[in-house]
Amino acid sequence: MSQKVYITGKLVSKEEATINVYDHGLLYGDGVFEGIRVYGGKVFLHEEHIARLYESALAIRLPIPMSTSEMIDAVEMTVKENGIVDGYIRLVVTRGGGSLGLDIRKTSDPQVIIIADTITLYPEEIYKNGMKLITASTIRNHPGALSARIKSLNYLNNILAKIEGIDAGSPEALMLNHKGEVAECSGDNIFIVKDGVLKTPGPDAGILEGLTRNAVMKIARESGYEVKECVLLRHDIYIADECFLTGSAAEVVPVVSLDGRDIGEGAPGPVTLELLEKFQAFARS
Ligand code: PMP
């Protein structure tokens, strides 16, 4: 079956799914997006992702030309038409075509694009043996310049950090914020476990409030763990018992070292493995 892409009201073949070169999404990264998992044919945290998409759009003053329920239906239809059972959706809304120049008043027709595909973000080996993480020198965008809570098409900040990770042999990279505190990774949120307590930076650290992060926090609390959103320094990661990352594509990833220093035993820890298993069960429930 050939892959079908939803683009502004229509499902067309992948080859026919094209975009205007004058679209400000392409020219200026002017747009918003979501990355969403499908488990067992069900769109995971569907309403939450759609809510975040519309909040991102509101924050950049981009009116999405369809209602949230129409968007939910369009996503469901794209998943079904492509026969996706376990997969990954990329939902993009661009500002639309316009003349050259930043003025949004000279644009029209925001484009809604839905791609339903599969994804393998990290090799299986990383889930078994853990990831060796490094700290990037690229800091997270200053929240006063561009809020990290907006999932915008401007991902260069993250890409530059990711390149540093890859150069150092790590598929991810830890990013600090403008205050030198731990923020998040280039495309994943970060948690530590210390003395049985889970800790993760709060939204005021300049992070994207990940939906996997929120789900894992809920699962951890239901499992009896104390979960704290608090300021974390790199020092806290170095002295942590365990560390892991969360993200829609990544799911739950054990981290076993930071900057060449072992975290805890230098192997995926018991709390991480428990939460990874419980998250998988929840996602497929
Ligand atoms: N932080 C950043 C910068 C991200 O791009 C993402 C999504 N890939 C996350 C965190 C994790 O968010 P979610 O769990 O909602 O996918």
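## Residues around the ligand

The ligand is surrounded by 17 residues, and those that come nearest are Tyr155, Glu184, Leu211, Thr212 and Ser248. The model described here is a predicted one. By residue type, the shell around the ligand holds 3 nonpolar, 9 polar and 5 charged residues.

Two elements of secondary structure each contribute at least two residues to this shell: helix H6, covering 211–222, and strand S15, covering 242–247. As for its location, the ligand sits in the largest pocket.

## Polar contacts and cover

Oxygen atoms of the ligand lie close to N or O atoms in several side chains. For Tyr155, the distance from an oxygen atom of the ligand to an N or O atom of the side chain is 2.4 Å. For Ser248, the corresponding distance is 2.6 Å, again between a ligand oxygen and a side-chain N or O atom. The side chain of Lys151 has an N or O atom 3.3 Å from an oxygen atom of the ligand. On its own, the ligand has 390 Å² of accessible area, and the protein covers 94% of this.

Tyr155 and Ser248 thus appear twice in this account: both are among the residues that come nearest to the ligand, and each has a side-chain N or O atom at a stated distance from a ligand oxygen, 2.4 Å for Tyr155 and 2.6 Å for Ser248.

## An open sheet of six strands

The protein has an open sheet of 6 strands, in the order S2-S1-S8-S5-S3-S4, and the pairing is antiparallel. Its edge strands, S2 and S4 (42–43), each pair on one side only.

## The two ends of the sheet

At one end, strand S1 (residues 4–7) runs antiparallel to strand S2 (residues 10–13), and 4 bridges join them. Lys4 stands opposite Ser13 of S2. The two strands form a hairpin with 2 residues between them, and Thr8 in the turn has a positive phi of about 45°.

At the other end, strand S3 (residues 31–39) and S4 are antiparallel and joined by 2 bridges. Tyr39 has Lys42 in S4 as its bridge partner.

Terms used:
Residues numbered from 1 in each chain as written. Predicted model: local features only at pLDDT ≥ 70, side-chain atom pairs only at ≥ 80, totals over all residues. Heavy atoms only, no water. Near = heavy atom within 4 Å. Polar contact = N/O pair within 3.5 Å; in protein donor to acceptor, adjacent residues only side chain to side chain. Areas by Shrake-Rupley, 256 points an atom, 1.4 Å probe, with all protein chains shown as cover. 1 Å grid on protein atoms, 1.4 Å probe; cavity = no way out; pocket = protein on both sides within 12 Å on 5 of 7 lines; lining within 4 Å. Sits in = over half its atoms within 2 Å of the grid points. Nonpolar A, V, L, I, M, F, W, Y, C, P; charged D, E, K, R; others polar. Pairing = 2+ DSSP bridges.
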